Every structure is written in C-alpha cells, then in structure tokens.
Amino acid sequence: MVIAAVTSTADSFSKNKNHIFPAFKQIVMMDTVFQPLAWSYDTNIYEVNLRQYTTEGTFNAFARELPRLQDMGVEVLWFMPITPISIYKRLGSLGSYYACSDYISTNPEYGSIHDFKNLVQAAHHLGMKVIIDWVANHTGWDHHWTKEHPEFYRKNTDGNFFDANGWEDVIDLNYDNKNLRSIMIQCMKFWVDECDIDGFRCDMAMLVPLDFWKEARIELDEIKKLFWLAECEEIAYHEVFDASYSWKFLHIMESYWRKETNMQGVKDVLQYYHQRFPANAFRVFFTTNHDENSHSGSEYERLGDAAIPFSVFCCTWNAIPLIYSGQELPNMKRLKFFDKDFIPWTGNYALHDFYKILFGLRKRNKALRAGDPSVITHILQTNANDRVLAFFRKSGTDEIVVMINLYADKISVQLNDDLVTGTFKNSFTADPKNFDDEKLIDIPAWGFRIFEK
C-alpha cells in the first residue's frame with residue numbers, strides 16, 4: 001500500500017477547521033495493478049430483478065424497457081443471477097436466484113443464452129453496460145458439480161455438504177481446490193466471450209478468498225477490461241475490486257430515520273469512510289436493493305420521508321449511486337424473494353425525471369466524480385447543522401452545492417461558510433442563485449436544493 005500526503009488546492013480550505021477532510025491530508029492509494037475504466041467515475045448502476053420486472057419475467061420482455069431506462073440516464077444494468085436455480089431444497093415456488101445449478105447456462109424461465117446475448121447487444125447499442133451477478137461462494141444442492149466434482153465442496157465433520165452461514169438452500173465451495181479455481185474462472189470467461197458482458201457484481205465477495213478474485217481478474221483482463229463490484233465492505237478487497245458496498249452508511253440512514261442517531265452520527269460514518277478506504281476506491285451508495293427490499297422492507301418502510309433526500313445524497317456524494325428495479329415508480333411494497341411477485345407498474349414513472357436530472361448532473365459536472373482524489377469535498381456549516389446536511393464539491397471550475405433538509409419542518413438555511421461564492425444554477429429549476437448577494441435558502445421539510453456551476 002502506498003500513502004501519499006497532498007495539500008488542498010486552495011488556501012481557503014486549509015483555513016476552515018470544519019472541512020470533512022484535513023487540509024493537509026493523507027490520501028491512501030491501494031497498491032494495485034488494476035485501473036478503473038474511464039466511464040466508471042461518473043456512472044450509475046441499476047439493479048434488474050428480471051423475475052419480478054415483467055409479467056413474462058424474460059430477457060426479451062425486459063428488452064422493451066431499455067429505451068425508457070436509457071432516457072432516465074441509466075448506464076450500468078446489473079442483472080441478478082441469470083443462471084438456472086437448483087430444485088433440491090429449493091425455497092418457495094421458484095427458489096433463490098443465488099442457488100445456482102449450472103454456471104454456464106441461463107435459467108429457462110428467463111430465456112436462452114441467445115436471448116441474453118441479444119439483450120446485451122441491445123443495451124450496448126443504447127450506450128449502456130451490462131454486468132451480471134456472480135455467486136462464487138456456493139451453489140445449490142443439485143449443481144452438477146456435486147456429482148461430477150464433489151471435491152469442489154466443503155464438507156462438515158460428518159463428511160456432508162454444508163453452508164457455513166446457515167443458508168439451507170446452498171452449499172459452500174472449497175477454494176483450497178486449485179481445479180475448482182481454474183474451472184470457476186473458465187465459467188466467468190464464458191460470459192465475457194459468449195455474451196460480451198462488461199463486468200461482475202460478486203455476491204458476498206468477502207466469503208471467497210481475495211487471492212482467487214485476483215487470479216480471476218488477471219485472467220479476465222486479458223480478454224476484456226471489466227468493471228468489478230464487490231458485495232462486501234472489506235477494505236482489502238479494493239486491491240482487486242473497483243467498487244464495494246456501503247452497508248454502514250445504509251444502516252446509519254435507517255438509524256437516523258428511527259431517531260436512534262443524529263446528524264453527527266451520519267457525518268461520523270462519512271468520516272470513517274474517508275479515513276479508512278482508499279481515496280481512489282469507488283463506494284456504491286444506495287437506499288435499497290433486492291435484499292433490503294425483500295427481507296427488510298422497501299426504502300419507504302425503512303427510511304420513511306427521508307428516502308428521497310437520502311437518494312439525493314447517494315447520487316451526489318463521493319460514490320456511485322445504485323437504484324433498484326421499481327425505484328423510479330416508486331415501488332412501495334416488499335417483493336417476494338422466492339416466488340413471482342410482479343412490480344406494480346402503473347405507466348406513471350413519478351421519479352423518472354428525478355433520477356434523470358441527478359444522473360445527467362453526474363455526467364456533466366466533474367465535481368461529482370466518484371473515487372477521484374482530485375475532487376475536493378467539504379461539509380458546509382449552516383445555522384442548522386443538526387438538521388441540514390450541506391456540502392460543497394469542486395473539480396477545477398466545476399462546483400456543486402448540495403443542501404438536504406433531514407427534518408420534518410421547513411428550514412431557512414443560512415450558509416455560514418465563505419467557500420461558496422458567485423452565481424450557481426439550481427439543477428432542478430435552472431434558476432440562478434448568486435451566493436455573493438444572499439446565502440439564505442428556504443428548504444421544505446425533507447426537501448433538498450442542488451446548485452451547480
């Protein structure tokens with residue numbers, strides 16, 4: 001690991017003791033040969049729950065949604081596992097997507113390999129990327145390896161297959177077996193070679209040895225440079241992965257809504273991320289995903305009125321934003337995980353333009369780039385620090401001011417910070433705002449304001 005000390009780009013930052021990052025700071029850069037793709041710094045991720053997305057639940061049916069998603073500004077489509085699902089010890093009527101029975105074929109409910117290849121091509125034609133969920137830690141009980149290669153699996157003291165996490169419908173693979181590692185990488189190569197995918201979201205990545213992921217990325221890089229997202233929050237995994245999850249922040253958002261913590265608790269988590277994670281690491285921020293929705297409740301159950309303002313934060317902080325199937329509706333219900341439970345589309349996508357504006361802003365303003373150590377981020381001081389989360393981001397001449405009211409009443413927010421100067425534009429209304437003339441901004445309950453320069 002290489003550590004470099006750098007100074008701020010402006011004296012004004014060094015004079016403000018409330019800067020979220022010290023003015024003379026240490027930027028931790030992970031010592032790795034892997035470089036993120038140029039398009040990933042300002043991208044976004046849309047998780048596709050194919051089973052619940054359409055009445056048909058197929059690749060071909062989902063393809064009809066691509067123009068709408070492109071218009072919304074979606075860039076990366078993450079498909080939950082598209083592989084066949086084991087029948088033995090299956091949960092519910094359809095089973096878990098994460099209980100695979102074969103790594104190199106598609107779930108027949110979704111369609112054929114040819115159908116998926118056509119879907120990837122259609123997405124590419126519209127300028128979108130496609131990544132697939134890769135479940136390397138375990139398989140379902142009737143994966144064909146259980147008979148062909150039982151040595152690929154871990155065994156308990158009785159000599160039987162098992163899962164160390166207590167998940168009853170899957171069994172753990174054994175990465176001490178070198179042949180397993182080789183074949184697993186060959187299976188991953190299949191989807192790159194055959195379907196031209198653009199990356200992997202790796203399920204429970206921390207349960208699989210880091211050195212395996214390193215082997216896999218080195219070999220796959222020879223075929224195509226990919227985007228790698230780890231479902232984990234282990235800092236060391238950024239030696240291989242471009243992006244990781246941010247459960248800690250998800251949980252502090254939920255705690256804030258439940259009044260179990262305060263604004264300082266929220267800022268403490270952000271400070272933890274800054275101090276502990278490499279400055280060039282992509283963090284994926286979200287208010288919901290398939291696990292949270294099905295097992296813990298929709299974002300409106302878990303975050304209430306704070307769901308929308310926190311969504312704004314996820315799209316404007318130093319992160320790659322992730323949204324889940326139906327968030328643009330918005331979907332208010334929990335979707336069943338093991339059974340068919342169609343998203344209640346109405347044809348009125350109430351949050352389509354909301355996300356379109358946020359995703360467009362990320363593309364045109366370099367101050368919103370994720371994982372870019374040259375971008376300066378500063379927590380702004382206001383007359384309502386305990387209720388308003390306000391921050392400033394800057395890259396060259398590009399600047400962003402974000403003010404989020406996490407309170408149940410309207411607040412007239414006074415900026416007590418001299419960093420914000422000159423005329424900005426309201427990103428949602430296009431109205432000008434001259435901060436030299438007036439630093440008072442009215443924000444409605446659970447509302448927000450974004451200004452760009």
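1. Strand 13 (376-379) and strand 14 (388-395) run antiparallel and are joined by 4 bridges, where two strands are taken to pair if DSSP finds at least two bridges between them, and where helices (H or I, at least four residues) and strands (E, at least two) are DSSP runs numbered from the N terminus. The bridge partner of His 378 is Phe 392 in strand 14. This is a predicted model, in which local features need pLDDT of at least 70 and side-chain atom pairs count only at pLDDT 80 or more, while totals for chains, interfaces and linings use all residues. Residues are numbered from 1 along each chain as its sequence is written, and side-chain values use heavy atoms, with hydrogens and water left out.

2. Strand 14 continues into a second antiparallel pairing, with 8 bridges to strand 15 (residues 398-405), and Ser 395 has Asp 398 in strand 15 as its bridge partner. The hairpin of these two strands has 2 residues between them, and Gly 396 takes a positive phi near 65 degrees there. Of the 8 residues of strand 14, 7 are buried, buried meaning under 20% relative accessible area, exposed over 50% and partly exposed in between, with a 1.4 Å probe and protein chains only.

3. These strands belong to an open sheet of 6 strands in the order 13-14-15-20-17-18, with antiparallel pairing. Strand 13 and strand 18 are the edge strands, each pairing on one side only. On average, neighbouring strands of this sheet are turned by 25 degrees against each other, direction ignored; axes are lines fitted to C-alpha atoms, for helices over the stretch in contact, and angles run from 0 to 180 degrees between N-to-C directions. Helix 13 packs on the sheet, where it touches strand 14, strand 15 and strand 20, and its direction makes about 160 degrees with that of strand 15; contact here means heavy atoms within 4.5 Å.

4. Further along the sheet, strand 15 pairs with strand 20 in the antiparallel sense over 5 bridges, with Ile 400 standing opposite Glu 452 in strand 20. Strand 20 (residues 448-452) is also joined to strand 17 by 2 bridges, again antiparallel, and there Asn 426 has Phe 451 as its bridge partner.

5. Strand 17 (residues 423-426) shows an alternation of side chains, in that Phe 424 and Asn 426 point to one face and are buried, whereas Thr 423 and Lys 425 point to the other and are not. With strand 18 (residues 432-434), strand 17 shares 3 antiparallel bridges, and Phe 424 stands opposite Lys 433. The hairpin that these two strands form has 5 residues between them, and Ala 430 in the turn has a positive phi of about 70 degrees.

6. A separate point is the closed barrel of 8 strands, which runs 3-4-5-8-9-10-11-12 with parallel pairing. Its twist averages 25 degrees from one strand to the next. Strand 10 (residues 243-245) and strand 11 run parallel and are joined by 3 bridges, with Tyr 245 opposite Val 284 in strand 11. Helix 7 (residues 178-195) lies across strand 5 (129-134), strand 8 (199-202) and strand 9 (227-230), at about 155 degrees to strand 5, while helix 8 (residues 210-221) lies across strand 8 and strand 9, at about 165 degrees to strand 9.

7. Helix 10 (residues 263-276) has 14 residues and should span 20 Å at 1.5 Å a residue, which agrees with the 20 Å between its end C-alpha atoms; the expected span is 1.5 Å times one less than the number of residues. Among its buried residues are Met 263, Val 266, Leu 270 and Tyr 273, and the elements covering the buried residues include helix 9 (247-257), strand 11 (282-285) and helix 13 (307-316). At the start of helix 10, a side-chain oxygen of Asn 262 reaches to within 3.1 Å of the backbone nitrogen of Gln 264.

8. Ser 298 sits in the loop between helix 11 (290-296) and helix 12 (299-303), and it counts as buried because its relative accessibility is 0%. A polar atom of the Ser 298 side chain lies 3.2 Å from the backbone oxygen of Met 332. Beyond neighbours within four places in sequence, Ser 298 is in contact with Asn 293, Asn 331, Met 332, Lys 333 and Arg 334.

Terms used: A polar contact is a pair of N or O atoms within 3.5 Å; within protein, one must be able to donate a hydrogen and the other to accept it, and residues adjacent in sequence count only if both atoms are side-chain atoms.
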